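Subject: Structure handover

Hello,

Here is the structure I promised you. Please open it first, then read my notes below.

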Amino acid sequence: MTTYLEANKQRFLDELLELLRIPSVSADSAFSSDVRRAAEYVRDKLIDAGLDNAQLYETPGHPVVYAEKLVDPARPTVLVYGHYDVQPADPYELWQSPPFEPTIRNERIYARGACDDKGQFYMHVKAIETMLATDGLPCNVKVMIEGEEEVGSDHLGTFVAEHRDMLKADVILISDTSIISNETPSLETGLRGLSYVEVEVTGPNRDLHSGVYGGGVQNPINALAAMIASLHDNQGRITIPGFYDNVVDLNQDERDELAKAPFSLDEYKQDLAINDVAGETGYSTNERTSIRPTLDVNGIWGGYTGEGAKTVLPSKAFAKISMRLVPNQTPDKITDLFTKHFTAIAPAGVTVQVRPHHGGLPYVTPTDSVEFEAASKAFEDAWGKKPIPTRGGGSIPIVALFEQELGIKSILMGFGLDSDALHSPNESYGLFNFFKGIETIPYFYKNYAALKS
Ligand code: BES
Ligand code: MN
Ligand code: MN
């Protein structure tokens, strides 16, 4: 196995770089043909790796790529999930090398999607190839790589429901999350959910002269700013009535357990170039970003933002707002609470519209299962260290849906680092992480087959 890996290292990397050259930005329709090209490339590589029945499944959005290798019905089946779509790359001018011309600097691959999620799901394609070319597959494997994760996986729920038999498996294995560091491997045991809304505040029927009308009518941007500011109290808590109703509080033992993960506040601040952290009183930075819900403005606009000054009182103001959810909050309920509250706090003189975007349920994976044990042992086998269980702050909406629709739990065996700059300019993925992941994944199959027999 290790000799095969060594002998094919360069080719594995070259194939990933080829995939990274395809700008498969799912959010922007200008890239639709590239998104399809990425799907076709993934299908071809699954065929080359030795998988059967590799094909594209059309959806009303971007296609799903699926392939499988069923070696023995008596063995357990692993369903690998990943996404070949990427976030938009702008602002382009902040990239040191162009986002879709992958470049290797200081042992890292710089490109949009390098870590999220092309570099990570491609480790599975190469790990499966390696197993097939050497000792064989200890488990049956099904691979499903989608193209709409970064836009909320809107069509995947239907796809999963319509292909229940095809997707039948014992466990779902996903590499789309982070480890603590290359010295401290970890396994994520949870994901936050998401509720995402856009708000529109409307005042007068047209932009007005800010001298002639200023002071006499409600300014939608002023109003929006005040409304947003009121959504947190001075303890960093969200003021929407009922927002915390279903939040599961961890007991002190659980919090102590999570606090064992090594964390340096100084390095954290240094990495982000901030002079202090902020958040909800009574919780650590790790807790604030994993077991606690949040509300954040992701974008805000309105009025005049061009060069120079234009004395204008805007007719409208807009914002995009995300709320990260924890068990047992649900996106439907939270979106509803937000909408009622935000409409209620609008001052006289403006009207408010709230438009919900995508959402997703939070997820927690049990740590006392054979699946988790197989993953934990895989890290021990390949890294010589037991991984630390951590709760993640990001969202992968389909994970909770897999459990609802298929009754299958997911193992979040990611190999990225939070500092890989996912969704930011200069996203990167360590060569170490790419190759170490390919080495770790086969141990999961081996351990899982042994534990299940
Ligand atoms: N891979 C990320 C999620 C992630 C990153 C989880 C790091 C844990 C650690 C995923 O691609 C992502 O970005 N998801 C979106 C959700 C989606 C609905 C746009 C997110 O979390 O914003
Ligand atoms: Mn991802
Ligand atoms: Mn992402």
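Start with ligand 1. One of its oxygen atoms sits 3.0 Å from an N or O atom in the side chain of D116. Keep in mind that this is a predicted model.

Two further polar contacts of ligand 1 are worth a look. An oxygen atom of the ligand is 3.1 Å from a side-chain N or O atom of E150. A nitrogen atom of ligand 1 lies 2.8 Å from a polar side-chain atom of D176. The protein buries 90% of the 520 Å² that ligand 1 exposes when taken alone.

The surroundings of ligand 1 comprise 18 residues, with E149, D176, R324, S395 and H423 the closest. By class, that shell holds 8 polar, 6 charged and 4 nonpolar residues.

Now the metals. D116 also bridges two manganese ions, ligand 2 and ligand 3, which lie 3.6 Å apart. H83 in strand 3 (residues 77–83) and D116 are 33 residues apart, so to speak of distant parts of the chain is fair: D116 is in the loop between strand 5 (108–110) and helix 3 (118–133).The protein donors of ligand 2 are H83 (NE2), D116 (OD) and D176 (OD), the last listed twice, at 2.0 to 2.4 Å from the ion. Their spacing along the chain is H-x32-D-x59-D.

Why is the arrangement around ligand 2 irregular? The 6 donor atoms subtend angles of 57 to 165°. Six donors count as octahedral only if opposite ones are over 155 degrees apart and all others between 65 and 115.

Are H83 and D116 buried or exposed? H83 is buried, at 0% relative accessible area. D116 is buried too, at 8% relative accessibility.

Best wishes

Notes: Residues numbered from 1 in each chain as written. Chains lettered and ligands numbered in written order. Predicted model: local features only at pLDDT ≥ 70, side-chain atom pairs only at ≥ 80, totals over all residues. Heavy atoms only, no water. Donors = N, O, S within 2.8 Å, 3.2 Å for Na, K, Ca; no water. Tetrahedral: all angles 85-135°; square planar, octahedral: opposite > 155°, others 65-115°. Helix = DSSP H or I, 4+ residues; strand = E, 2+ residues; numbered from the N terminus. Buried < 20%, exposed > 50% of the residue type's maximum accessible area, 1.4 Å probe, protein only. Near = heavy atom within 4 Å. Polar contact = N/O pair within 3.5 Å; in protein donor to acceptor, adjacent residues only side chain to side chain. Areas by Shrake-Rupley, 256 points an atom, 1.4 Å probe, with all protein chains shown as cover. Nonpolar A, V, L, I, M, F, W, Y, C, P; charged D, E, K, R; others polar.
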